[in-house]
Every structure is written in structure tokens, then in C-alpha cells.
Amino acid sequence: MRVALFVTCLNDTLFPGTGKAVVTLLRRLGCEVEFPEGQTCCGQMHVNTGYRDEGVRLARHFLDVFAGYDAVVAPSGSCAAMVREQYPKLADGMGATRPGAFASVHGGRSGFARAVAEVTPRVYDLSEFLVDVLGVTDVGAYFPHRVTYHPTCHSLRGLRVGDRPTRLLRNVRGLELVPLPGADECCGFGGTFAVKNAAVSAAMCADKVANIESTGAEVLCAADNSCLMHIGGTLSRQRTGVRVMHLAEILAATERDVGGPMSREVPAVDPAVNGEAR
Amino acid sequence: MSAGPGTFLGMPAFPKNAEEALEDSQLRFNLRKATHTIRARRQAVVDELPDWAALRAAGKAIKDETLRNLDRYLIQAEEAVTRAGGHVHWAADAAEANRIVIDLVRATGETQVVKVKSMATQEIGLNEALESEGITANETDLAELIVQLGDDWPSHILVPAIHRNRSEIREIFLEHMGEWGRPAPADLTDDPKALAEAARLHLRERFLSAKVGVSGANFLIAETGTLVVLESEGNGRMCLTMPRTLISVVGIEKVLPTWRDLEVFLQLLPRSSTGERMNPYTSTWTGAVEGQEFHLVLLDNGRTKVLADEIGRQALRCIRCSACLNVCPVYERVGGHAYGSVYPGPIGAILTPQLRGTASELDASLPYASSLCGACYDVCPVAIDIPEVLVHLRAKTPHAPAERLGLKVAAWTLDRPSRLRRAQRLASRLRGLLPRRRLPGPGAAWTDTRDVPAVPEESFRDWWNRTEGGAR
């Protein structure tokens with residue numbers, strides 16, 4: 001199976017450890033992973049902030065880069081949801097009142113719509129790919145820590161990944177999964193919402209952090225580094241001692257990696273590149 | 001996603017209102033308690049219906065079909081109401097609707113009207129318009145009474161006084177009931193029963209003396225010209241039946257083709273709004289009953305403009321249940337006043353800018369008053385894709401120049417992988433200089449409460465290139 005990694009612009013730039021963890025994990029499970037180097041960004045920030053024309057250009061670029069693969073795996077529920085849920089809307093209706101949005105992209109609207117229909121059904125969030133495509137829920141991971149899981153809005157209500165991530169976590173040896181109160185409530189990141197409505201965003205995160213602390217977990221896990229950057233930045237500012245980790249990083253960890261308490265090392269990862277705060 | 005430069009500049013009005021609201025810890029406590037209670041109640045009565053998804057799809061389909069043929073159904077309704085002895089008036093905007101109501105009340109010679117809780121009359125500012133003509137509008141819904149006595153604004157569609165707790169209500173009753181009629185008893189406690197009894201006695205006098213009633217309607221059934229009002233207290237029914245003249249102001253999107261269609265909405269609405277299986281008081285009337293004069297004012301006020309927007313028009317499916325408010329994490333923390341409209345919360349964020357336009361700073365900021373978490377769409381009984389409409393409206397709203405520049409630079413950088421790589425390498429070289437706890441300029445909006453992640457020495461793509469994907 002030809003599997004393309006869509007690492008996402010955020011992970012590429014700020015959280016390369018997550019991308020490396022996905023590579024490690026998928027290879028361990030027998031996949032041949034490619035990294036199409038033309039990739040940049042799915043366009044979510046632009047579309048969701050109201051810059052549809054720029055977003056459409058980036059979407060068109062994504063569709064060109066990822067055409068022809070058996071599967072495209074993204075370690076981000078939000079970016080995968082953008083491609084699978086919002087690209088069809090861009091093709092179908094959201095650009096309708098402004099046909100100019102497609103004037104600067106090759107193939108025009110009809111070409112865009114064809115590429116959307118061809119490429120987007122094969123784009124998966126990591127947990128979907130593991131559970132639905134590879135058919136595994138035990139990925140052979142070992143992570144002896146108390147972990148709570150934040151399901152993130154776009155995985156939950158966009159992609160509807162359901163309990164796939166927690167099924168994967170429950171099969172990690174040594175891991176104690178503790179339920180997060182109010183798990184389905186938004187953390188307040190919301191892309192540019194976090195700065196446009198910073199006060200509301202912070203108030204939402206304060207409640208999320210209180211819920212996380214009530215679990216006594218050492219690690220907060222999620223399948224999206226954008227939410228984790230926001231929650232982790234708050235956890236770090238408040239000196240809670242709770243660390244954040246992407247689902248891929250926990251699933252990539254094995255007995256070999258346990259170098260000490262709270263080790264975040266995974267094979268082929270330089271610890272220096274893993275920022276503590278997100 | 002990083003904070004693009006300039007996103008904090010040109011900061012619009014909703015964030016400012018929200019910031020003020022967030023400082024009121026009593027308000028946050030009241031809202032949290034109330035929204036979580038209603039939320040849980042709604043979830044329980046929705047979960048018990050095996051056919052909820054089908055009902056929701058039916059509600060959406062009926063509304064869409066009606067909106068597609070709105071002209072036809074409205075004329076059908078007008079004919080039916082007229083046949084049944086009612087008078088139908090068409091109002092293009094708020095000013096025209098207010099003028100019609102004022103003239104109708106004037107013709108009766110009365111200076112007092114009793115009101116059924118109604119969003120349409122609040123939308124057009126009817127109470128204020130009547131007051132300027134020397135006519136007093138008496139709100140009779142308990143929560144609207146609290147708002148009116150307190151000279152306050154409603155902050156929720158269904159529970160307009162949701163921002164008040166019972167001790168605040170006691171104070172309002174003691175201080176202001178006497179100004180409008182029968183005063184509250186001097187020994188009034190904040191026991192909900194005592195508060196309700198005080199309101200009951202106070203309102204009864206107003207009902208008994210009223211000659212003119214003003215209402216809205218939840219539904220207008222085209223085939224028979226029947227109006228339908230759902231309420232929980234019975235006060236609405238008093239206003240609908242006792243006065244000699246009844247005037248109903250109804251948005252044109254409230255029409256339903258047939259009684260069969262109503263069946264769907266009588267299931268969807270109570271479960272979504274109050275979390276009840278069946279609505280307590282459902283009043284229906286067709287035209288004028290004997291001895292009563294009935295006027296129907298059909299209100300456009302921007303609705304046909306909304307109907308013309310392919311994406312935005314789904315907002316007209318709204319049945320004003322408030323489920324989206326109760327589940328919204330933004331509404332829960334800031335309350336309704338921050339939205340600066342009688343329609344607050346997620347539905348307000350898509351309805352107000354469409355009805356009023358985005359000329360004001362506040363209205364232009366409303367499409368951004370959401371983290372796009374999608375909880376509103378999940379609970380909407382007529383499946384309005386609120387996040388989709390929010391994003392659509394964001395694209396139609398003018399952007400602040402500094403933000404525009406920031407997003408354009410970001411788009412230019414992301415347009416080519418080579419540019420992204422250069423930007424990443426530059427950031428990596430400067431990584432030691434970048435502050436983690438206090439960013440300058442617009443970045444301060446991030447670092448006020450959050451640390452910034454460390455920039456890695458090497459991006460993922462550079463690592464992949466250097467090691468051939470970890471093979472070396």
C-alpha cells in the first residue's frame with residue numbers, strides 16, 4: 001500500500017516529533033510511508049478565517065500533491081476534517097457566491113470538484129487509518145503512565161472518529177487511561193479564534209485545564225497538536241506539571257524507548273526537537 | 001496554527017463585550033448552572049427517541065421545501081386568514097411593522113397592550129416604538145417581566161433572564177413591581193414559589209384590564225391560516241384569548257404548509273428547547289373569533305435578503321429553540337448581551353449579521369464569535385450547519401488591513417514548499433531569540449495566558465531530507 005504522510009504545516013514547522021512518530025509507527029505496522037515534499041498546508045486557517053480565495057488555492061495545491069496515493073494519513077483530526085468535510089463544501093457551495101475563487105486555480109471549479117471527489121475519500125486521520133484501514137487496535141506500544149484523552153472537536157464532530165483513539169490507547173501496555181470530565185467540550189483554540197477572542201478562548205481553556213487536573217493524569221493526549229499547543233501552553237504557564245503528547249507519540253513508544261520517567265523518546269527522534277510546551 | 005501577525009489589530013466589538021462579561025463571576029456561575037441543566041435535560045429526552053435523526057431530517061426538509069416556495073405559501077396563508085375574518089398586513093421592515101401596530105392600537109383608543117413572549121417584536125423594537133407613541137407594552141412572560149421590570153435586555157431566546165439568579169429577581173420585584181401595578185409583598189423571599197406567586201398576582205391584574213394583545217407566533221399553517229404559539233406558563237394564552245383586539249407580528253419564515261407538518265415540529269421544538277416531551281401550553285387560532293378583532297402582520301425585515309443567499313438561507317429554518325445557545329461554549333461563558341442582539345449565541349452569530357448587515361463593528365465581529373467546535377450543529381433540530389454559515393459569512397465580511405496583510409503573507413509562504421522551507425529555516429536559526437512567555441505586538445493575545453512552543457532545530461521536512469525519512 002502506498003501511504004502518503006500529510007504531516008500538516010503546524011507539525012512540520014513546530015512539532016516534527018509527531019511526524020517522526022507517525023513514520024515509526026506506520027513502518028512498524030508494515031506500511032511503506034512516503035512524504036510528498038510538495039506538501040504545504042490544507043488551507044484551513046485561511047478558509048476558516050474568511051480568506052476563501054487563498055484557502056481554495058492551498059486546497060488545490062493539496063489535491064495536486066496527494067493525487068494517486070492509496071491512502072493519505074494526517075496526524076491531525078482538524079486538518080483531515082478540513083480536507084474531507086470542507087473541501088467538498090468549497091467545491092459545491094461555499095464558493096458559489098463568488099465564482100472568482102476558482103479563477104486563479106487550474107481546472108476551475110469543475111476540475112477542483114473532480115479532484116475533491118477523487119482524493120478526499122482516501123484521506124484519514126491517524127486513528128481512522130489504524131483502526132479502519134489497517135484493522136489494528138493493538139499497535140504494540142508500551143507507555144507506563146497515567147493518561148487522559150481530549151477528543152478534540154473536529155475529530156469528534158467533524159470526522160466522527162468515535163472511540164477509535166481510546167480503543168488504541170486502551171491496548172497500550174502499561175498505560176492507565178483515566179476519563180476526562182467534560183471531554184467533548186471545546187478547549188477554546190479554534191484557530192485564529194484563540195487570538196481574535198483571546199479572553200473567551202482563555203476562559204474555555206481554564207475550565208478544560210481544571211478538568212484535566214482533576215483526573216490526576218501525568219499526560220494529556222490528543223490527536224491534534226493545534227489544540228495541544230493551546231492547552232499545553234496553558235498547562236505550562238500554570239506550571240501544572242501535566243505534559244501533553246500527541247496520540248502518535250504514545251502509540252509509537254515501545255519498551256525500547258523507556259529511558260526514564262516520562263521519557264518522550266521514540267525511535268529516530270532527537271529529543272531536542274520536541275518542544276515541551278505546545 | 002500560529003497567530004498570524006495583525007490578527008489582534010482592528011479588534012472588533014464582540015471580543016470587547018465578551019471580555020467585560022467574563023469579569024462578572026456571578027454571571028458565569030449563573031450561566032454555567034443554567035446551560036448545563038437544560039443541556040442535560042435536552043440530551044435525555046432526545047436520546048429516548050429512536051427516530052430523532054429522522055425527525056430532524058424531516059424538519060429540515062419541510063422547512064427547505066417551504067422556503068423554496070415561500071411566496072406561494074404566504075399568499076395561501078393570507079387568503080386563509082382573510083377568509084377566517086382576520087386582517088393581513090405586510091411589513092417590509094421594522095419601521096413599517098411598528099407603524100402598522102401603532103396605528104392598529106391607536107384605532108382602539110387604548111394606551112396599554114399585553115404581550116405574549118415574542119422574538120419578532122423584540123427584533124423590531126416594538127415596545128420602544130409603542131412607548132414613543134404613549135402606548136405601554138406589558139410583557140407577561142415571567143422571564144420577560146423580570147427583564148422589563150429590571151430595565152434590562154434579554155440574554156437568551158427562551159430564558160431571557162438566564163443571567164439573573166433568584167436573589168437578583170427578588171430585588172427587582174421588590175423595587176420595580178409597584179411602578180407598573182400591584183407591588184410585590186414586602187416580605188418577599190427568594191424562594192422560587194414565592195417569586196412565581198408574586199408575579200402571578202401582579203400579572204393577573206394586567207391581564208384582566210387588557211383590551212389589546214400583541215403576540216408573535218411559532219408557526220403559521222398555510223392551508224388553514226392557523227397561528228400556533230408554544231409557551232410554558234399559560235400567560236400567553238391569557239393574552240391571546242382575553243383582549244378584544246389581537247395583533248400578531250410573524251416573520252415570513254414561520255409558515256408551514258400543512259397541519260401534518262406541524263406534527264414534526266411539535267416533537268422537535270419542546271425536546272430541543274425546554275427538554276420537555278410535550279409542550280405545556282400550545283395555543284392555535286384561525287382568524288378572528290367572535291367578538292375579537294385579529295390582525296396578522298407578516299414581517300420581512302431582511303428575511304428575503306437572507307433567502308437569496310445560497311448558504312446563509314439555512315438560518316431561516318431556525319425555530320428559535322435555543323438548543324445551540326445552551327450547548328455553546330462561548331455563550332456559556334459570556335452570556336447573551338455580548339452579542340448585541342435579541343438573537344444571541346450561535347444562531348445569533350449567523351442571523352444578526354445577515355438580517356442587519358455587517359456595517360457596524362459589532363455585527364462584523366459576530367461571525368468570529370465562535371471556535372467552530374460544531375456542538376451547535378449537532379443539537380440543531382433543523383440541522384442548520386452553523387459552522388458552515390459562520391465560515392461563509394467570514395468570507396463576506398471585510399477584514400482589518402493588518403490581519404489581511406498577515407494572512408496574505410502566510411498564504412504566499414504556504415503557496416510553495418520552497419518558501420515554507422526558507423521560513424522554517426529562518427525560524428530555526430532565530431529560535432534562541434524567540435520569547436516563550438511574552439510575544440510582542442499581536443502575539444501578546446496568545447502569550448497573555450499561554451506559553452509558546454519552542455521552535456525545533458530542524459523542521460520535519462528537513463529531517464526527512466537529511467535522513468531519507470529516518471533510513472539514515
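Two strands are taken to pair if DSSP finds at least two bridges between them. On this basis, the predicted model contains in chain A an open sheet of four strands, in the order 2-1-3-4 and with parallel pairing. Strand 2 (32-34) and strand 4 (123-125) of chain A stand at the edges of the sheet; each has a single partner strand, so one side of each is left without a neighbour in the sheet. On average, and with direction ignored, neighbouring strands of the sheet are turned by 35° against each other.

The pairing at one of these edges can be described in further detail. Strand 3 (residues 71-74) of chain A runs parallel to strand 4 of chain A and is joined to strand 4 by three bridges. Within chain A, A:A74 stands opposite A:D125, a residue of strand 4. Strand 3 and strand 4 of chain A are also crossed by helix 7 (residues 126-133) of chain A, which runs at about 105° to strand 4.

Chain A further forms an interface with chain B, in which 68 residues of chain A are in contact with 60 residues of chain B. On the side of chain A that touches chain B, the most is given by helix 12 (residues 225-237) of chain A, with seven residues. The residues of this side comprise 32 nonpolar, 24 polar and twelve charged ones.

As to confidence, chain A has a mean pLDDT of 91, and 90% of its residues reach 70 or more. Over residues 260-277 of chain A, however, pLDDT stays under 50; for these residues the model has 46 contacts beyond four places in sequence.

Methods: Residues numbered from 1 in each chain as written. Chains lettered and ligands numbered in written order. Predicted model: local features only at pLDDT ≥ 70, side-chain atom pairs only at ≥ 80, totals over all residues. pLDDT = per-residue confidence, 0-100. Contact = placed C-beta atoms within 7 Å. Helix = DSSP H or I, 4+ residues; strand = E, 2+ residues; numbered from the N terminus. Axes fitted to C-alpha atoms, helices over the stretch in contact; angles between N-to-C directions. Nonpolar A, V, L, I, M, F, W, Y, C, P; charged D, E, K, R; others polar.
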